[in-house]
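Let's take a look at how helices pack against each other and where empty space is left between them. Have the structure open as you read.

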Amino acid sequence: MDISENPTFLLTPILLGITYFSAFENGKTTCKRFTGNYFLYLLTSISIYFSAIKAYEYDTNIINTYKKYRMPLILLEIVLIMSFFFVKNSALRHVIYIAILLIMALLQTFFLEKQTIDKKEIEDILKKMIVIILICFLIALQFPQYMNQSFLTFLVGGLLFVLLFRLIDFFILDQKYSSNISSITVFLFAGFIMYDTNRVIEVGKSCKTGGSPDYLDLVLDMVINLNGLFKNLALSDWDD
């Protein structure tokens with residue numbers, strides 16, 4: 001099958017058009033149809049992400065050329081994500097966001113190739129993700145009082161701890177505890193999904209009073225959560 005016939009390549013431009021006409025009015029984001037617009041942004045992001053992965057897999061020269069630049073790409077991705085705190089121009093933010101998705105997809109392609117994860121394993125991981133995401137959504141809806149700053153501080157602290165532990169495990173312990181670290185990280189990203197789901201709900205409520213919601217900020221957080229959840233499920237005992 002020609003790459004242009006892949007469903008995600010056909011779907012992406014359609015989603016881009018629908019998202020723009022639904023989420024923007026007079027060149028600014030609108031609060032109208034907030035929940036629908038958020039999910040349109042998220043669905044469009046996922047479509048761009050998977051389209052990029054398919055393109056990279058189709059053209060192996062891209063993978064072979066950029067594989068040696070894996071660390072610089074990670075650093076570039078971090079810089080681009082941090083730039084969201086400083087860049088205010090909407091058009092430029094969207095360009096940066098798409099660049100983040102493309103780099104994230106390229107790094108994911110490297111990851112899938114290195115871990116030799118086949119289609120069946122990917123499907124199993126995605127099924128687990130769907131269950132976890134649904135549970136996270138339900139918890140966020142039922143217990144919004146716990147999705148507060150203290151919960152976020154706990155999650156960030158936990159993530160910093162596992163990042164430090166992973167570095168120690170990699171350089172000193174010969175990755176002896178890699179699977180255990182990934183299992184803990186799965187719970188942390190599940191927590192982030194709960195927190196960010198509640199944040200979307202709160203922004204939606206405040207949006208009723210007017211304003212221009214920052215869909216990119218909300219969706220970027222969720223995309224990072226989903227990407228981290230997938231990788232750590234793949235590396236943990238959950239997928240044995």
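Which helices each supply at least two residues of the lining of the second largest pocket? In this predicted model, they are H2, H5, helix H6 (119–142) and H9. H2 gives the largest share of that lining, with 10 residues.

Let's stay with this pocket for a moment. It is lined by 29 residues, and those nearest its centre are Ile 46, Tyr 49, Phe 50, Leu 126 and Phe 230.

Now for the largest pocket. Its lining takes in 46 residues, with Ile 74, Ile 78, Leu 163, Phe 189 and Lys 231 closest to the centre. Helix H4 (70–82), H5, helix H7 (149–171), H8 and H9 are the elements that give this lining two or more residues.

Here are the two pockets side by side:

| Pocket | Volume | Nonpolar lining residues | Polar lining residues | Charged lining residues |
|---|---|---|---|---|
| Largest pocket | about 2000 Å³ | 26 residues | 8 residues | 12 residues |
| Second largest pocket | about 990 Å³ | 21 residues | 3 residues | 5 residues |

Next, the helices themselves. Helix H2 (residues 34–58) packs against helix H5 (residues 90–115) at an angle of about 50°, and their axes are 9 Å apart. That angle makes H2 oblique to H5. The crossing of these two helices is right-handed. On the H2 side, the contact includes Tyr 41, Ser 45, Ile 48 and Tyr 49, and Tyr 49 is also one of the residues nearest the centre of the second largest pocket. H5 brings in residues including His 94, Tyr 97, Leu 101 and Leu 102. Sorted by class, the H2 and H5 contact has 13 nonpolar, 4 polar and 1 charged residues.

The other pair is H8 and H9. Helix H8 (residues 178–207) and helix H9 (residues 215–235) have axes that come within 8 Å and cross at roughly 160°. H8 and H9 are therefore roughly antiparallel to each other. Their crossing is left-handed. Among the H8 residues that make the contact are Phe 189, Phe 192 and Ile 193, while H9 residues include Leu 218, Met 222 and Leu 229. Altogether, this contact divides into 13 nonpolar, 7 polar and 4 charged residues.

Phe 189 is worth finding on screen. It takes part in the contact of H8 with H9, and Phe 189 is also among the residues closest to the centre of the largest pocket.

Note on methods:
Residues numbered from 1 in each chain as written. Predicted model: local features only at pLDDT ≥ 70, side-chain atom pairs only at ≥ 80, totals over all residues. Heavy atoms only, no water. Axes fitted to C-alpha atoms, helices over the stretch in contact; angles between N-to-C directions. Helix = DSSP H or I, 4+ residues; strand = E, 2+ residues; numbered from the N terminus. Parallel < 35°, antiparallel > 145°, perpendicular 65-115°, else oblique. Left-handed = near helix turned anticlockwise from the far one by under 90°. Contact = heavy atoms within 4.5 Å. Nonpolar A, V, L, I, M, F, W, Y, C, P; charged D, E, K, R; others polar. 1 Å grid on protein atoms, 1.4 Å probe; cavity = no way out; pocket = protein on both sides within 12 Å on 5 of 7 lines; lining within 4 Å. Points joined across faces, edges and corners; volume = space filled by probe spheres on them.
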